[in-house]
Amino acid sequence: MALSREQVAMRVAQELKDGYYVNLGIGIPTLVANYVPAGIEVMLQSENGLLGMGPYPTDAEVDADMINAGKETVTAIKGAAIFSSAESFAMIRGGHVDLTVLGAFEVDQNGNIASWMIPGKLVKGMGGAMDLVAGAQNIVVTMTHADKYGSSKLLDSCTLPLTGMGCVKKIVTDLAVLEVKDGAFHLLERAPGISVEEIQQKTAGTLIINGDIPEMRF
Amino acid sequence: MAGFNKVVSSYDEAMAGLENGMTVIAGGFGLCGIPEGLIAQIKTMGTRDLTVVSNNCGVDGFGLGVLLEDRQIKKMVASYVGENALFEKQLLSGELEVELTPQGTLAEKIRAGGAGIPAFFTATGYGTPVAEGKETREINGRNYVLEPAITGDFAIVRAWKADRYGNLVFRHTAMNFNPMVATAGKITVAEVEEIVEPGELEPSQIHTPGIYVQRVIKGNFEKRIERRMVRQGEGA
């Protein structure tokens with residue numbers, strides 16, 4: 001079975017390490033905050049200027065001046081810091097954020113990512129995504145392995161305008177965990193019950209399969 | 001002493017000198033931390049052909065979105081503009097020009113503008129449509145894009161507290177772009193929730209020193225929430 005959105009988030013959460021500063025994008029990446037492994041502490045960075053993002057507020061805590069990068073009302077944990085957008089992107093661009101998790105339309109075997117623009121459709125903007133992919137030490141992309149028509153989103157070369165070049169190192173899809181290196185996708189794990197053949201069939205770019213590929217564990 | 005009394009008592013005074021064709025940089029992230037009354041004043045004045053620089057362009061009927069209603073904005077420089085139908089309509093019809101800029105690059109362009117730095121190199125956007133037509137350079141094995149700074153004829157910000165010297169303190173994440181924006185205007189106008197006596201703001205806790213601010217006005221803010229999300233209270 002292909003993974004649910006929650007299961008993809010659970011698998012990404014295994015990439016978190018104690019003491020990490022992490023920026024989570026909108027969508028599945030946001031869900032990762034719900035599955036931080038027991039016994040480790042991570043600090044969530046929200047690029048509008050908050051380090052130490054907490055959960056949504058209770059009704060009584062709602063404050064129009066406390067929002068996250070998705071413009072949702074949010075809280076700050078004890079020990080949080082709030083700062084300007086310039087300071088926030090100094091952290092991001094300067095490589096101080098340990099891990100960024102974001103979605104994408106396409107990723108290719110050279111680590112290029114396209115996530116913000118489909119020509120012919122209305123372009124809303126890249127927000128902070130280009131800065132995040134250029135700056136983070138580690139980038140994990142979450143997406144479905146293929147689009148709704150069955151076409152692969154893991155390509156030899158992105159067809160859409162890029163968000164960043166050569167920056168993606170790891171991908172967690174609904175079918176597999178892959179590493180991007182040396183101009184190829186390397187299959188690390190497969191979703192429970194998903195065959196290597198199916199992953200191969202849905203990966204348009206070069207896929208390296210080394211030995212037995214274990215199933216993901218949750 | 002009047003030279004350092006930057007407090008004005010009317011929105012007419014606050015935005016006096018704004019003319020057609022000028023560039024206005026506005027603080028705020030979505031609807032959070034926007035100078036609501038100063039935006040309303042620009043609408044009242046009917047100033048046209050403006051270039052507006054801000055992370056977003058408000059929503060239909062609120063924030064910078066109200067300036068679209070009478071087509072006062074000629075060009076918008078922003079990182080994300082997807083929240084209003086009128087924006088989309090004017091963009092598609094060609095009435096409105098938009099320059100999409102990565103959020104961190106936008107923040108740094110404004111910071112650089114206020115700090116007297118004409119341009120800077122950043123890796124953000126290299127190899128993407130953002131870099132098209134721009135100078136690039138390889139430095140220590142990595143490729144960078146040269147991004148020019150931004151300054152404005154007017155900069156409009158919202159702060160929490162100010163004194164008559166123009167010293168500003170921002171509240172929570174309503175800070176966002178406001179500190180950089182405050183540095184980058186020939187005339188910077190701060191609309192604030194509260195004006196306090198000099199000395200009440202702890203000098204080392206001031207976010208924007210008054211040297212950057214020419215006018216201060218006390219505002220009344222609706223503080224509209226764009227996406228109200230709540231969790232159930234503990235024990236509920």
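**View 1. No disulfides turn up anywhere in this predicted model**. The count comes to zero over all chains. Take Cys158(A), which is in no disulfide: the nearest cysteine sulfur belongs to Cys167(A) and sits 9.3 Å away. A disulfide needs the two sulfur atoms within 2.5 Å. Cys158(A) is also buried, at a relative accessible area of 13%.

**View 2. Here is Cys57(B), a buried cysteine**. Its relative accessibility is just 1%. Why does Cys57(B) have no bond to Cys32(B)? Cys32(B) holds the closest cysteine sulfur, but that sulfur is 17 Å from the one in Cys57(B), so the two are too far apart for a bond.

**View 3. This one takes in the contact between chain A and chain B**. Chain A brings 47 residues to the contact and chain B brings 52 residues. Together the two chains bury about 3900 Å², with 62% of that on carbon and sulfur atoms. Which three residues supply more of chain A's buried area against chain B than any other three? They are Asp65(A), Lys71(A) and Lys124(A), and they supply 20% of it.

**View 4. Now for the salt bridges and polar contacts that run across the interface of chain A and chain B**. Six salt bridges are found across this interface. One of them pairs Lys223(B) with Asp65(A), and their closest N and O atoms are 2.5 Å apart. Polar contacts across the interface come to 27 residue pairs, both partners being at pLDDT 80 or more.

**View 5. On to the side of chain A that touches chain B, with its helices α3 and α4**. Those two, α3 (85–93) and α4 (129–135), are the elements of chain A that give two or more residues to this side. Of the elements, α3(A) gives the most, with four residues. By residue type, this side of chain A splits into 23 nonpolar, 14 polar and ten charged.

**View 6. Lys223(B) gets a close-up for its backbone as well as its side chain**. Lys223(B) lies in the segment after β11 (215–218) of chain B. Its phi is near 55°, a positive value in a residue other than glycine. Most residues other than glycine have a negative phi. The salt-bridge partner of Lys223(B) is Asp65(A).

**View 7. Last up is Asp49(B), in a loop of chain B**. The loop runs between α2 (36–45) and β2 (50–53). Asp49(B) also has a positive phi, near 55°, and is not a glycine. Is Asp49(B) buried or partly exposed? It is partly exposed, with a relative accessible area of 41%.

Note on methods: Residues numbered from 1 in each chain as written. Chains lettered and ligands numbered in written order. Predicted model: local features only at pLDDT ≥ 70, side-chain atom pairs only at ≥ 80, totals over all residues. Heavy atoms only, no water. Contact = heavy atoms within 4.5 Å. Buried area = accessible area lost by both parts, 1.4 Å probe. Salt bridge = Lys/Arg side-chain N within 4 Å of Asp/Glu carboxyl O. Polar contact = N/O pair within 3.5 Å; in protein donor to acceptor, adjacent residues only side chain to side chain. Nonpolar A, V, L, I, M, F, W, Y, C, P; charged D, E, K, R; others polar. Buried < 20%, exposed > 50% of the residue type's maximum accessible area, 1.4 Å probe, protein only.
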